[in-house]
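Visitor: I have the sequence and the model open side by side, and I'd like to talk through them with you. Could we start with one residue and then work outwards?

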Amino acid sequence: MTKFTDLFESCSWDETSKSIYAKTSADVERALNSPQRTLEDFKALISPAAAPYLEQMAQLSQQLTLKRFGKAIQMYVPLYLSNECNNICTYCGFSYDNKVRRKTLTPMEIMQEVAVIKDMGYDHVLLVTGEANQTVHTEYFKKVLELIKPHFSHISMEVQPLDTEDYKELTPYGLNTVLVYQETYHQEDYKKHHPKGKKSNFQYRLETPDRLGEAGIHKMGLGVLIGLEDWRTDSFFTAMHLNYLEKRYWQSKYSISFPRLRPFSGGLEPKVVMNDKELVQLICAYRLFNEEVELSISTRESIVFRNNIVKLGITSISAGSKTNPGGYAVEPQSLEQFEISDERNAKEIAQMISSQGYEPVWKDWDVSLTKN
């Protein structure tokens, strides 16, 4: 049975990159006027040739998003459970070679964090850990899910890739969504950034969404760490991955996130800097390519950028985020995974969304519809 790895191996990074940069204004106009956009159209929309068409792309993106999602913006918040990690990654504050005090939250500490998050108004939580299989493993996740399930209508998870059976075991405990970012689809550069640990296995990580699909997960999130490699080429491979998954695992839902490399303890300078206009271009290109996919923006981005992106295609947004275990209540000064940029609290973000005529949604709409 064909997997995404087979498709991926048939596609050259260099040839793909050349193809994107060779796109012309005629290709962009063809893509904009097409009723059903293809991966070739997506290449045109993320190409340098599309820059002069940004206003038109933004207007189309807004229309398509309103048609499919209305004016609802989903609110979510990360809950960091652990900064323990066995991987060496060049861009992450949790990297094994970063000599800091490690912490994994106990059940009591988790509930202290949950109390603060619930006070903020959240009903959608994203559980995050480093990748340390001896500490934060499937049994630990089961206990955490069992503990917090009564308090949230939507639980997402961003942890180390697991086997299909592990995902199947976690679903009955309340796991709804799994985010797994490839970081970069550039295989050689991936090895440079992940020299040690299980994460250094490019193939295993690449196959994770297939395992999620086989496990019947409700929703999966894709993305790359923007700045590790050429963002246009990386984004094309993400779109190709999304396209494959939607056809193969059509019962699952999908989301895309746009993390740009941010400062952390030990800092890696981005190889490629993506400016704000280019990020708007990419977000709009995804919406024009796929009307169904959810698009998410985090507190990595600036206040001004997040204020302006609400109407242009984004469907979910985090607020008041802490990127360290215990950051809300237990141990606010522990190591952060990365620095956030937008430090406004959840209420302020909700007010910003409302002031633009949109509705901040605290409860996942699928679940709330079935309960009412």
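Guide: Let us start with R344, bearing in mind that this is a predicted model. R344 has a relative accessible area of 13%, and because buried means under 20%, R344 counts as buried.

Visitor: Where is R344 in the fold?

Guide: R344 sits in the loop between β8 and α15, the latter covering residues 346–355.

Visitor: And which residues is R344 in contact with, leaving aside its neighbours within four places in sequence?

Guide: With those neighbours left out, R344 is in contact with I303, R306, N307, A319, G320, I349 and M352. P48 is 296 residues away from R344 along the chain, and the C-alpha atoms of R344 and P48 are separated by 33 Å.

Visitor: OK, zooming out. How many helices and strands are in the protein?

Guide: The protein has 16 helices and 9 strands.

Visitor: What does the radius of gyration say about the protein?

Guide: The radius of gyration is 20 Å, which agrees with the value near 21 Å that a compact globule of 372 residues would have. Along its principal axes, the C-alpha trace spans about 60 × 45 × 40 Å.

Visitor: What share of the residues is buried, and what does the protein expose?

Guide: Of the 372 residues, 60% count as buried. The protein exposes about 15300 Å², and carbon and sulfur atoms supply 51% of that area.

Visitor: What about charges, how far apart are the mean positions of the positive and negative ones?

Guide: There are 43 positive and 49 negative charges, and their mean positions are 2 Å apart.

Visitor: Switching to contacts: what share is between residues 24 or more positions apart?

Guide: Among contacts with a separation of 6 or more, 75% are between residues 24 or more positions apart.

Visitor: Now the strands. How many residues of β1 are buried?

Guide: Strand β1 covers residues 72–82, and 11 of its 11 residues are buried, so to speak of it as mostly covered is fair.

Visitor: Which strands does β1 pair with?

Guide: β1 pairs in the parallel sense with β9, residues 359–361, over 3 bridges, and Q74 has V361 in β9 as its bridge partner. Another 3 bridges join β1 to β8, residues 316–318, again in parallel, with Y76 standing opposite S318. β1 also runs parallel to β2, residues 124–129, over 5 bridges, where S82 is the bridge partner of T129.

Visitor: Following β2 along, how many bridges join β2 to β3?

Guide: β2 and β3 run parallel and are joined by 5 bridges, and V128 stands opposite E158 in β3. Strand β3 covers residues 154–158, and 4 of its 5 residues are buried.

Visitor: Going the other way, what does β8 pair with besides β1?

Guide: β8 is joined to β7 by 2 bridges, and these two strands run parallel; I297 in β7 has I317 in β8 as its bridge partner. β7 in turn pairs in the parallel sense with β6, residues 253–257, over 3 bridges, with I256 opposite L295.

Visitor: Which way do the residues of β7 point?

Guide: In β7, residues 294–297, E294 and S296 point one way while L295 and I297 point the other way, and all are buried. In a regular strand the side chains alternate between the two faces of the sheet.

Visitor: Let me change topic to the loops. Is E183 buried or exposed?

Guide: E183 counts as buried, at 9% relative accessibility. E183 lies in the loop between β4 (177–179) and α9 (187–193), and its phi is near 75°, a positive value in a residue other than glycine.

Visitor: And T24, where is that?

Guide: T24 is in the loop between α2 (13–21) and α3 (25–33), and with a relative accessible area of 37% T24 is partly exposed. The C-alpha atoms of T24 and A49 are separated by 5.5 Å, although the two residues are 25 apart along the chain.

Visitor: Last one: what is T135 in contact with?

Guide: Leaving aside its neighbours within four places in sequence, T135 is in contact with E84, T104 and Y140. T135 lies in the loop between β2 and α7 (138–148), and its C-alpha atom is separated by 30 Å from that of G227, 92 residues away along the chain.

Note on methods. Residues numbered from 1 in each chain as written. Predicted model: local features only at pLDDT ≥ 70, side-chain atom pairs only at ≥ 80, totals over all residues. Heavy atoms only, no water. Helix = DSSP H or I, 4+ residues; strand = E, 2+ residues; numbered from the N terminus. Rg over C-alpha atoms; globule rule 2.2 N^0.38 Å. Buried < 20%, exposed > 50% of the residue type's maximum accessible area, 1.4 Å probe, protein only. Contact = heavy atoms within 4.5 Å. Areas by Shrake-Rupley, 256 points an atom, 1.4 Å probe, with all protein chains shown as cover. Lys, Arg positive; Asp, Glu negative; His and termini not counted. Charge placed at Lys NZ, Arg CZ, Asp CG, Glu CD. Pairing = 2+ DSSP bridges.
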